[in-house]
Structure formats: C-alpha cells, structure tokens
Amino acid sequence: MNPLKYLSGYSPDIQQQVQQHLDAGTLPKLLLKRHPVIHSVRSDKALYDYTQAIKNQFLRQSSPLSKVIFDDKINISHHALGLHSYVARVQGNKIKAKNEIRISSRLKRVPEPLLRMVVVHELAHLKEKDHNKAFYNLCTHMEPDYHQFEFDLRLLLTCIDANISPYSADKADT
C-alpha cells in the first residue's frame, strides 16, 4: 500500500518532503501548527446551518438544499469525503427534485477550514457538475485558500492511514 496515495497528483519533491515528515513523526505537529483547533459542528442540524450560511453568502440564486447530513456510510474507499446528489422523486404526476449533500462522519473531528473546504466543494456542484476549471474557480471564489486546505486535508488523511492522527477522538479539543 502506498503511504502517500492521497498525494499521488503532487510533484515528487512534495511527496518526498511529506515522506520525510512522516518518517520523522513530525507530520501531525505540522498539521497542529497550521490548524490547532477542530470545529464545533457536531450535529446534522449544525452542519445544515453551517452549509446554508456559506450557500447564502455565495450561491443565493442556486437550487435550494433539502438535506445536509453527516453520513457514516461515506468513507475514503469511495474516494469521497462528501457527496452531492440530485434526488428526483415522483409525486403524483410531477417530478420533484432535491439537492442533498452528505459529508463523511470522519470529518466531525477535523479543523474548521478542512470541513469548509469539503462543504465548498460540494456546494460548487450545485452550479458545476464536473471537476473542470469553472468548478475550481467557483471553489476558490468561495474559499480563497481552497487548494491549501485540500492539501492539508490530504496530509491529514495520510496521517490517519499511518495511525498518527493529530485530531483523534481520545485527544482533548484545544
């Protein structure tokens, strides 16, 4: 198994630096220095309110969200930490469509900027279905540090795979 599988798209220099931090055991400290505190969004209602606030700020004209929840069934093996779905339901002779966002429950104990990055990513799918230039431009419009936070989340996933998460449940929230 490749310990740097979440960083496969990055340059060999970056991967080498991360591997050195991983080998030295300093990767968790690096993440804690950048993001010392985990977020306080714990319930589905709090996640909905958090997501709705971002949507209202940047995507007021987009389709409404019917559901935003933490989902235990989403995991890394699906290659996703969040899912946006467009659910169509037949009601009588009409089709009702609803937008739903599901965020992996694994993100309940991460720093707020990393949760925000995933929420912004899923909200961007309201306007852009594909991961294209317009999609990433929208992500960086909503979160200017989007790419840095995505990288930091990949570092955290690398730590989790190595069983050295700086934000594990047994550590106190700082």
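In this short talk I will walk through the sheet of this structure, the helices that pack on it, and a few single residues.

Before anything else, please keep in mind that what you are looking at is a predicted model. From the record, UniProt places a feature called "domain: YgjP-like metallopeptidase" at residues 96-150, in an entry that is unreviewed. In the model, that span is 51% helix and 16% strand, and the C-alpha atoms at its two ends lie 34 Å apart.

Let me begin with the sheet. Three strands form an open sheet, and their order across it is S1-S3-S2, with mixed pairing. The edge strands are S1 and S2, the latter covering residues 82-91, and each of these pairs on one side only. From one strand to the next, the twist averages 25 degrees.

As a reminder for those who are new to this, strands of a sheet pair through backbone hydrogen bonds, and they can do so in a parallel or an antiparallel way. Here we can see both arrangements, for S1 and S3 run parallel and are joined by six bridges, whereas S2 and S3 run antiparallel and are joined by ten bridges. If you would like to find particular partners on the screen, valine 68 has isoleucine 101 in S3 as its bridge partner, and isoleucine 69 stands opposite arginine 102 in S3. On the antiparallel side, serine 85 stands opposite glutamate 100 in S3. S2 and S3 also make a hairpin with two residues between the strands, and in that hairpin glycine 92 takes a positive phi near 70 degrees.

Is S1, although an edge strand, largely enclosed or left open by the rest of the structure? Five of its seven residues are buried, and therefore S1 is largely enclosed by the rest of the structure.

Now we come to helix H3, residues 44-58. With 15 residues at 1.5 Å a residue, H3 should span 21 Å, and because its end C-alpha atoms are indeed 21 Å apart, the expectation and the model agree. The buried residues of H3 are Leu47, Tyr50, Thr51, Gln52, Ile54 and Lys55. It may help to recall that an α-helix has 3.6 residues a turn, so residues three or four places apart point the same way. What covers the buried residues of H3 includes strand S1, strand S3 and helix H4.

Two residues of H3 make a useful contrast. Threonine 51, which is found in helix H3, has a relative accessible area of 0%, and because buried means under 20%, threonine 51 counts as buried. Which residues does threonine 51 touch, leaving aside its neighbours within four places in sequence? The contacts are Leu65, Val68, Ile101, Val119 and Leu123, and you will remember Val68 and Ile101 as the bridge partners from a moment ago. Alanine 46 also lies in helix H3, but at 26% relative accessibility alanine 46 counts as partly exposed. The C-alpha atoms of alanine 46 and leucine 30 are separated by 28 Å, with the two residues 16 apart along the chain.

Next, helix H4, residues 112-124. H4 lies across S1, S2 and S3, and runs at about 160 degrees to S3. H4 also packs with helix H6, residues 146-161, at an angle of about 115 degrees, and the axes of the two helices are 9 Å apart. The crossing of H4 past H6 is left-handed. On the H4 side the contact is made by Pro113, Leu114, Met117, Val118, Val120 and His121, while H6 contributes Tyr146, Phe149, Glu150, Asp152, Leu153 and Leu156.

Let me finish with two places that follow a helix. Helix H1, residues 12-24, has 13 residues and reaches 18 Å from its first C-alpha to its last, close to the 18 Å expected at 1.5 Å a residue. Just after H1, glycine 25 takes a positive phi of about 75 degrees. In the segment after H6 we find asparagine 163, which has a positive phi of about 60 degrees although it is not a glycine. Is asparagine 163 buried or exposed? With a relative accessibility of 71%, asparagine 163 counts as exposed.

Note on methods
Residues numbered from 1 in each chain as written. Predicted model: local features only at pLDDT ≥ 70, side-chain atom pairs only at ≥ 80, totals over all residues. Heavy atoms only, no water. UniProt positions renumbered as here; feature names shortened; annotations may be inferred. Helix = DSSP H or I, 4+ residues; strand = E, 2+ residues; numbered from the N terminus. Expected span 1.5 Å × (residues − 1). Buried < 20%, exposed > 50% of the residue type's maximum accessible area, 1.4 Å probe, protein only. Contact = heavy atoms within 4.5 Å. Pairing = 2+ DSSP bridges. Axes fitted to C-alpha atoms, helices over the stretch in contact; angles between N-to-C directions. Left-handed = near helix turned anticlockwise from the far one by under 90°.
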